[in-house]
Protein chains: 2
Amino acid sequence: MGKIDEFALIARFFRSCAPPEPSILGIGDDAALLPCASALRGNRDDASATLALTTDTLVAGSHFLPDFAPQDLGWKALAVNLSDLAAMGAEPTAFLLALTLPRYDPEWLEGFAYGVQACAQRYGVALIGGDTTRGPLAITITALGVVPWQAAIRRSTAQVGDDLWVSGQPGRAALGLAVRTGRLSGDLPGCSEWIAALERPQPRIALGLALRGIATAMLDISDGLTQDAHHLVETRPELTLCVEEAALPLAPLVAQGAPAEKAWAALLGGGDDYELLFTANPRHRTAVAEAARRAGVSVHRIGSVVPRSIPEASPLVLVRRDGTRTTLPPQGWDPFRVAEPLDLDIQPESFS
Amino acid sequence: MGKIDEFALIARFFRSCAPPEPSILGIGDDAALLPCASALRGNRDDASATLALTTDTLVAGSHFLPDFAPQDLGWKALAVNLSDLAAMGAEPTAFLLALTLPRYDPEWLEGFAYGVQACAQRYGVALIGGDTTRGPLAITITALGVVPWQAAIRRSTAQVGDDLWVSGQPGRAALGLAVRTGRLSGDLPGCSEWIAALERPQPRIALGLALRGIATAMLDISDGLTQDAHHLVETRPELTLCVEEAALPLAPLVAQGAPAEKAWAALLGGGDDYELLFTANPRHRTAVAEAARRAGVSVHRIGSVVPRSIPEASPLVLVRRDGTRTTLPPQGWDPFRVAEPLDLDIQPESFS
């Protein structure tokens, strides 16, 4: 089987279907942006009337374990879509649910619907349509949100000199998966928190909204911190992201009992965290902290955006505690690879 | 395995997630209707700014045969979604594609993308987002269209005295499937047309648009004529649909070589046709004919909407050539049944 990046696949095969109108933001960001006027084929005379749209599929065996509780699966299927809207600074409004089921199992469906509903109520979104089909278990949700066109936070708009920030505690979901699959002990102090991160991710809607006008670029970490960091600069060959090893929130994972190497690999390469990775001008450090406080989420300033020097020519660099630099490859989740998020080529130099 | 209707499943498990606002048309029609102002959580001060949204999944082995050509599958996956928009009288604008693939196969992907693109270009819609995941082959498309709120043609708004109409030639796709699976000879005169109906359905966009202001209620026939006819009146216990056997377009299928009983079963119970089934006031017969002419589609006036008498109490009745009446059960595609669209309990009385 060939290995290919999901984005490369879309670019190669489906670019020709992209929208002709520049007033639509199509493939390549967390969500599409569709001004209402553009949807109505009129002129975009009201820049504030913009829909954000995203779709994500969860497939049994690929995105979740067979014994994943249906109520958690219902929550998560919706939450991962809302996370894409959060990453645009959009406010979620509604969703469509396409459900493929191997059989009619009322008990399973009740649990699943309960989880969907819990997430929908928590974030104030309404189910407006869907489809039910028979086949191997999979869930595709399409979520809609709204954002003023100018306020939408895209992934390609970082600026030289910006700080690089991450919300919350990336790595927990990968550690939770390791516990669930028996690769980490279930007795470690952090286990219940890691498993909750895996099974009930909290989309950072409030933080995304609070960062309008502050963050210059943003995406959510679904595939892994290093891989998604690469997405921040993949259309910006003039930029390099420098991540400071000393600034990465590794210590909390270790303090919760994660072996240091596993914690490191989970932090840099584990997917499924749905934290926000974003850039902001250094003059907005107080504003970022205040936005995070209002949203009730921690944020970590983990690096900066610098010009990409030709000799270096790496989009993502790890700055060690002694000042030396290492290229960070885009490791993490790959839909066409059997992912092992706790194996990473790059190892930490020291653990504090 | 329990057998349950898809609509019953949605009603039972997911009604609690429905939108609170009456300005949104949610679950239960071909597409959801979302006024832009409502999406933006403002007042609906512009009744014309309404988005229509629909999502449909095609699952390998359930909705298409394993040897279905990828270019046809790409076409069909988009076409069935556009058909739902056509059934609302909406104009399609854009779509999102969630693709689950068992492996990375560039040749298959090129064919699939070619089919998607052909359909997208034919109907003027743009791909604005998507997701690619690994798992058993399945395609979920979410399509967006626009329609003035008042012009949207819903499925629940038929009136007593209306004519019942159907577009094109229902039954062809089921006969095409019978040929593809060896249950009908591949040498019959109609084979290539039937297979084209199965593999390259033509969503009746132009007809749907032309029927704005004329049709009182409408849906597309995806599950089978009798089953979808039941959907037209399922929220209208005061209405019965009378289908005139003599008016059904059976003769063309027989003339193309289909055995009469197979043709009859395919016409009444075969799914996958994506023709439009609609009601209109008899004073609009000329307008319907003119709309069909403009759209380049044939239409057949196959019955009428009458008050449901208590003794009869059947939502769908077949009126035989001799005037006797038989209840038509909602036979057709059921996602939780292994469908056999060419077995039908009701048989025709005579063939002309």
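These exercises work through ring pairs, charges and an annotated site in a predicted model.

Residues are numbered from 1 along each chain as its sequence is written, with chains lettered from A and ligands numbered from 1 in the order in which they are written. Local features need pLDDT of at least 70, side-chain atom pairs count only at pLDDT 80 or more, and totals for chains, interfaces and linings use all residues, while side-chain values use heavy atoms and leave out hydrogens and water.

**Exercise 1. Aromatic pairs**

Task: Classify the pair A:W75 and A:Y123, then place both rings in the fold.

Solution:
- Start with the rule. Rings of Phe, Tyr and Trp (its six-membered ring) pair if their centres lie within 6.5 Å; planes under 30 degrees apart are stacked, over 60 edge-to-face, and the rest tilted.
- Count. Over all chains, this rule gives eight aromatic pairs.
- Apply it. The centres of A:W75 and A:Y123 are 6.2 Å apart and the planes stand at 65°, so the pair is edge-to-face.
- Locate the rings. Helices (H or I, at least four residues) and strands (E, at least two) are DSSP runs, numbered from the N terminus. A:W75 sits in helix 3 (residues 70-86) of chain A and A:Y123 in helix 4 (residues 106-123) of chain A, so the pair ties together parts 48 residues apart in sequence.
- Check burial. Buried means under 20% relative accessible area, exposed over 50%, and partly exposed in between (1.4 Å probe, protein chains only). A:W75 is buried at 7%, and A:Y123 is buried at 12%.

Task: Is the pair A:W108 and A:F112 stacked or edge-to-face?

Solution:
- The ring centres are 5.0 Å apart and the planes lie at 10°, so A:W108 and A:F112 are stacked.
- Both residues belong to helix 4 of chain A, four residues apart, about one turn of the helix.
- Both A:W108 and A:F112 are buried.

**Exercise 2. Charge over a ring**

Task: Which arginine lies over the face of A:W149?

Solution:
- The criterion is NZ of Lys or CZ of Arg within 6 Å of the ring centre and within 35 degrees of the ring normal.
- In chain A, A:R154 lies over A:W149, at 4.9 Å from the ring centre.
- In chain B, B:R154 lies over B:W149, at 4.9 Å from the ring centre.

**Exercise 3. Salt bridges**

Task: Describe the bridge between A:D163 and A:R285.

Solution:
- A salt bridge is a side-chain nitrogen of Lys or Arg within 4 Å of a carboxyl oxygen of Asp or Glu. There are 20 over all chains.
- A:D163 and A:R285 meet at 2.7 Å, N to O.
- A:D163 lies in strand 6 (residues 163-167) of chain A and A:R285 in helix 11 (residues 285-295) of chain A, so parts 122 residues apart in sequence are tied together.
- A:D163 is buried at 3%. A:R285 is partly exposed at 34%.

Task: Trace the network that contains A:R172 and A:E275.

Solution:
- The closest N and O atoms of A:R172 and A:E275 are 4.0 Å apart.
- A:R172 is in helix 5 (residues 172-180) of chain A and A:E275 in strand 9 (residues 275-280) of chain A, so this bridge ties together parts 103 residues apart in sequence.
- Both A:R172 and A:E275 are buried.
- Salt bridges link A:R172, A:E193, A:R204 and A:E275 in a network.

**Exercise 4. A buried charge without a bridge**

Task: How far from B:D228 is the nearest side chain of opposite charge?

Solution:
- Set the signs. Lys and Arg count as positive, Asp and Glu as negative; His and the chain ends are not counted.
- B:D228 lies in helix 8 (residues 225-233) of chain B.
- B:D228 is buried yet has no salt bridge; B:R155, the nearest side chain of opposite charge, is 5.7 Å away.
- Contact means heavy atoms within 4.5 Å. Beyond four places in sequence, B:D228 touches residues including B:L219, B:D220 and B:L277.

**Exercise 5. The annotated site**

Task: Where does UniProt place the feature "binding site" in chain A?

Solution:
- The unreviewed UniProt entry lists A:D30, A:D84 and A:D220. These three span 191 residues in sequence, yet no two of their C-alpha atoms are more than 7.6 Å apart, so they gather at one spot. Such annotations may be inferred rather than shown by experiment.
- A:D30 lies in the loop between helix 1 (6-14) and strand 1 (32-35) of chain A, and is buried at 5%.
- A:D220 lies in strand 7 (residues 215-221) of chain A, and is buried at 2%.
- Check contacts. A:D30 touches A:D84 and A:D220, among others. A:D220 touches residues including A:D30, A:D84 and A:E275.
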